[in-house]
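Student: I am new to this structure and would like to go through it by question and answer. Can we begin?

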Amino acid sequence: MRRARALALVCLATTLSCEANGSGHSPTRWDSAGVQITESAQAVWAPGDEWRVAQTPLVDLAATGSGGQSEFFRVRDAARLSDGRLVVANAGTNEVRLYGTDGGFLTSIGRTGQGPGEFERLTSVHSYRGDSIAVFDYWARRLTVLDSAGTVSRTASVEVDGGALRDIHPLPDGRFLLETAAIAAMTGAKGRMRIPAPVLLLSADGAEEDTLAVLRGFDTYVFEGGDARPPLPQQLFIATRGGAVYFGEGEEFEFRTLDLRGALRAIGRLPGYRLAVPQVERDSIRDAMLQQELPARLRPIMEAMAEAVPDRHAAYSGLTVDPTGHVWVQEYTPTVGLSESPRRWLVFDPDGVWLGTVVGPPNFDLYEVGTDYLLGRARDALEVETVQVLRLER
């Protein structure tokens, strides 16, 4: 898929109101044809009951060593193994790095290349069965499994019919869930559209077994010769925990749960959540787009996108599930540039009830939530990256 990189949008940091219209009512729950639906009008936690994130990291991988192993560029993912070691996908060097529980560097695996243990576009790392590590490279369409010492155990080509690969999610039985994008849908299309996203079940060897669901994927703007990221895009988020698949398409503040047969089991939502973009903010985004210097052939495309800034933003910017079944939904934030605003995650209990909001440091991209920690990428004012573990007090 060809992309017009010159059309990358500089979205302005906005002051959008992203709070639910709390009515003082208790959560409402009902069953509809076997689907448990939960609606929350306000948070359950009383003042003082909130879970808290310590601002001083327990571990900061940029501060626990020296040299290249403490320098990060284009971190794409990180995971914590059951023994407390940390694994990081550093896409800038196409390395998988392994660190001890104290943050000390242990070893690195990989480099740019096409051979076993090499990567072209390092995408994600996951704790897999035992203390092995599953590594995904969407560009090479390849799954690599490392043993607990970081040695390549096996590789498998991910061969599916058509579409672009997005990411994988390990399942408890050793299989994988694969996100794809049906980019063929762009053929003959013009203007803004959401790409269909088939979600597939793969065997442990990466072979396609079945289609779990076809969801609404990422927003794009299609034009002759390519496509570009439009203003205020929607995006699909997927997380797995146990035998459940959680997903949110972001048009409304709700998330859904599927079983591994593709059957819908639960819906959690916040009705009345404010998504409207004030006209003054839409005008600011439009003006910023029109001020960009572009080649003459791309100018009409930018102008068309600028004249069609949506009047609603996405409901949220991320979704993950912790080991206790709590769903963490990141409050919407612009996806480009740094911000001084703290990161905020709305937390829902395993029944879909909105408990409250957890506040973390600015510019912290959450990869994993444990019972007592958050793991993610942090960036400073100069956009220097590191990977941190933050203490979570429940």
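Student: In which sense do strand 7 and strand 8 pair, and over how many bridges?
Tutor: This is a predicted model, and what follows is computed from it. In strand 8, the bridge partner of V96 is I109. Strand 7, residues 95-99, runs against strand 8 in the antiparallel sense, and the number of bridges is four.

Student: Which strands stand at the edges of the sheet that holds them?
Tutor: The sheet is open, has four strands in the order 5-6-7-8, and its pairing is antiparallel. An edge strand has a single partner strand, so one of its sides is left without a neighbour in the sheet. That applies to strand 5 (75-80) and strand 8 (105-109).

Student: By what angle are neighbouring strands of the sheet 5-6-7-8 turned against each other on average?
Tutor: The order 5-6-7-8 sets which strands are neighbours. With direction ignored, the average turn between neighbouring strands of this sheet is 20°.

Student: What is the order of strands in the open sheet that contains strand 22, and which strands are at its edges?
Tutor: This open sheet has four strands with antiparallel pairing, in the order 22-23-24-25. An edge strand here pairs on one side only, and the two edges are strand 22 and strand 25 (354-360).

Student: What is the average turn between neighbouring strands in the sheet 22-23-24-25?
Tutor: The pairing in the sheet 22-23-24-25 is antiparallel. Direction is ignored for the angle between its neighbouring strands, and the average is 25°.

Student: Which residue of strand 25 is the bridge partner of F348?
Tutor: Strand 24 and strand 25 pair in the antiparallel sense over six bridges. In strand 25, the partner of F348 is W354.

Student: Which strand supplies the largest share of the largest nonpolar core?
Tutor: This core has 18 residues, and those touching the most other members are F253, L270, L319, V327, V329, L346 and F348. At least two residues each come from strand 18 (237-241), strand 19 (244-248), strand 22 (316-321), strand 23 (327-331) and strand 24 (343-348). The largest share is three residues, and it comes from strand 22.

Student: Which residues does L346 contact, leaving aside neighbours within four places in sequence?
Tutor: L346 is one of the core residues that touch the most other members. With those sequence neighbours left aside, its contacts are F253, L270, Y273, V327, W328, V329, E331, W354, G356 and T357.

Student: How many residues are in the second, separate core?
Tutor: Among its members are Y221, L232, V277 and M289. The count for this second core is 16 residues.

Student: How far apart in sequence are the parts tied together by D365 and R377?
Tutor: D365 and R377 form a salt bridge, with their closest N and O atoms 2.6 Å apart. D365 is buried, and R377 is buried too. D365 lies in strand 26 (residues 364-369) and R377 in strand 27 (residues 373-379), so the parts tied together are separated in sequence by twelve residues.

Student: Is E254 buried or partly exposed?
Tutor: E254 forms a salt bridge with R256, the closest N and O atoms being 2.8 Å apart. R256 has 28% relative accessibility and counts as partly exposed. For E254 the relative accessible area is 16%, and buried means under 20%, so E254 is buried.

Student: Which residues are joined with E254 into one network of salt bridges?
Tutor: The count of salt bridges comes to 26. Salt bridges that share partners join E254 into one network with E39, R256 and R269.

Conventions:
Residues are numbered from 1 along each chain as its sequence is written. This is a predicted model: local features need pLDDT of at least 70, side-chain atom pairs count only at pLDDT 80 or more; totals for chains, interfaces and linings use all residues. Side-chain values use heavy atoms; hydrogens and water are left out. A nonpolar core is a set of buried Ala, Val, Leu, Ile, Met, Phe, Trp, Tyr and Cys residues joined through side-chain atoms within 4.5 Å. Buried means under 20% relative accessible area, exposed over 50%, partly exposed in between (1.4 Å probe, protein chains only). Contact means heavy atoms within 4.5 Å. A salt bridge is a side-chain nitrogen of Lys or Arg within 4 Å of a carboxyl oxygen of Asp or Glu. Two strands pair if DSSP finds at least two bridges between them. Axes are lines fitted to C-alpha atoms, for helices over the stretch in contact, and angles run from 0 to 180 degrees between N-to-C directions.
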